[in-house]
Amino acid sequence: MSTGQLAIRLSSPSWGTGSETLAMAEVTAAVRGGTRGPSLKVPLGVNDTPKNLSLDAGPYLVRLFLPSGDVQAERVEVEGGGISELTFDIGKSPHEWLGSASSLGIVQTLPSVIEARSLEAALG
């Protein structure tokens, strides 16, 4: 069976470059019949150099696990003798948009204890 290369990269337009591991990618051969082949775990840093894997040619499922609990998944076909590239875009850092979105009322915030008691009194 021929082998190929899979280059996996984690990208964000607003994060800096660094080798600090932010996410874990799980690469699994997409075997027909619903069974899953063995998986390979690859640590990824944001805007870091792509991680190159040498894999048997064929279809693969790549799942990306982020510290926030989000999971992204992509199917990719690894060609024999070639390089397949896969880039996960995680968007902007929550530190950039959460504060301003919260102050604009876009993000729901929980009421304080005083507000909750006043709501209970008004409804009761």
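**Entry 1: overall layout**

I began with the secondary structure and found that the protein has two helices and seven strands. I note at once that this is a predicted model, and I keep that in mind for everything below. Reading along the sequence, I wrote down the pattern β-β-β-β-β-β-β-α-α. I then looked up totals for the protein, and of its 124 residues, 28% are buried. The exposed surface comes to about 8,300 Å², of which carbon and sulfur atoms supply 54%. Turning to contacts with a separation of 6 or more, I found that residues 24 or more positions apart account for 62% of them.

**Entry 2: the three-stranded sheet**

Next I traced an open sheet of three strands, whose order is β4-β1-β7 and whose pairing is mixed. Its edge strands are β4, covering 51-56, and β7, covering 83-89, and each of these pairs on one side only. From one strand to the next, the twist averages 25°. I reminded myself that strands of a sheet pair through backbone hydrogen bonds, either parallel or antiparallel. How do β1 and β7 run, and how many bridges join them? I found that strand β1, residues 3-11, runs parallel to β7 and is joined to it by seven bridges.

**Entry 3: two residues of β1**

I looked up Gly4, which has its place in strand β1. Is Gly4 buried or exposed? Its relative accessible area is 4%, and because the limit for burial is under 20%, Gly4 counts as buried. Setting aside residues up to four places away in sequence, I listed what Gly4 touches: Leu53, Ser54, Leu55, Val78, Glu79, Gly81 and Gly82. I also checked Gly4 against Gly80, which is 76 residues apart from it along the chain, and their C-alpha atoms are separated by 4.6 Å.

I then went to Ser11, also found in strand β1. Ser11 has a relative accessibility of 17%, so this residue counts as buried too. Its bridge partner in β7 is Asp89. Asp89 appears again among the residues that Ser11 touches, which, not counting those up to four places away in sequence, are Asn47, Thr87, Phe88, Asp89, Ile90 and Gly91.

**Entry 4: the β5-β6 hairpin**

My next stop was the pair β5 and β6, which run antiparallel and are joined by eight bridges. These two strands form a hairpin with five residues between them, and Gly69 in the turn has a positive phi of about 100°. I looked up one bridge here by name and found that Phe65 has Val71 as its partner in β6.

**Entry 5: the nonpolar core**

Last, I turned to the interior, recalling that in soluble globular proteins nonpolar side chains tend to be buried together. The largest nonpolar core has 21 residues, and the members that touch the most others are Leu6, Ile8, Leu10, Val27, Val62 and Leu64. Which elements give two or more residues to this core? I noted β1, β2 (21-30), β3 (36-45), β4, β5 (58-65), β6 (71-78) and β7. The element that gives the most is β2, with four residues.

I followed Leu64 further, leaving aside its neighbours within four places in sequence, and found it in contact with Leu10, Ala23, Met24, Ala25, Leu44, Asp70, Val71, Gln72, Phe88 and Ile90. Val71 in this list is also the bridge partner of Phe65 that I noted in the hairpin.

Conventions: Residues are numbered from 1 along each chain as its sequence is written. This is a predicted model: local features need pLDDT of at least 70, side-chain atom pairs count only at pLDDT 80 or more; totals for chains, interfaces and linings use all residues. Side-chain values use heavy atoms; hydrogens and water are left out. Two strands pair if DSSP finds at least two bridges between them. Axes are lines fitted to C-alpha atoms, for helices over the stretch in contact, and angles run from 0 to 180 degrees between N-to-C directions. A nonpolar core is a set of buried Ala, Val, Leu, Ile, Met, Phe, Trp, Tyr and Cys residues joined through side-chain atoms within 4.5 Å. Buried means under 20% relative accessible area, exposed over 50%, partly exposed in between (1.4 Å probe, protein chains only). Contact means heavy atoms within 4.5 Å. Accessible areas come from the Shrake-Rupley method with a 1.4 Å probe; for residues, only the protein chains shown count as cover.
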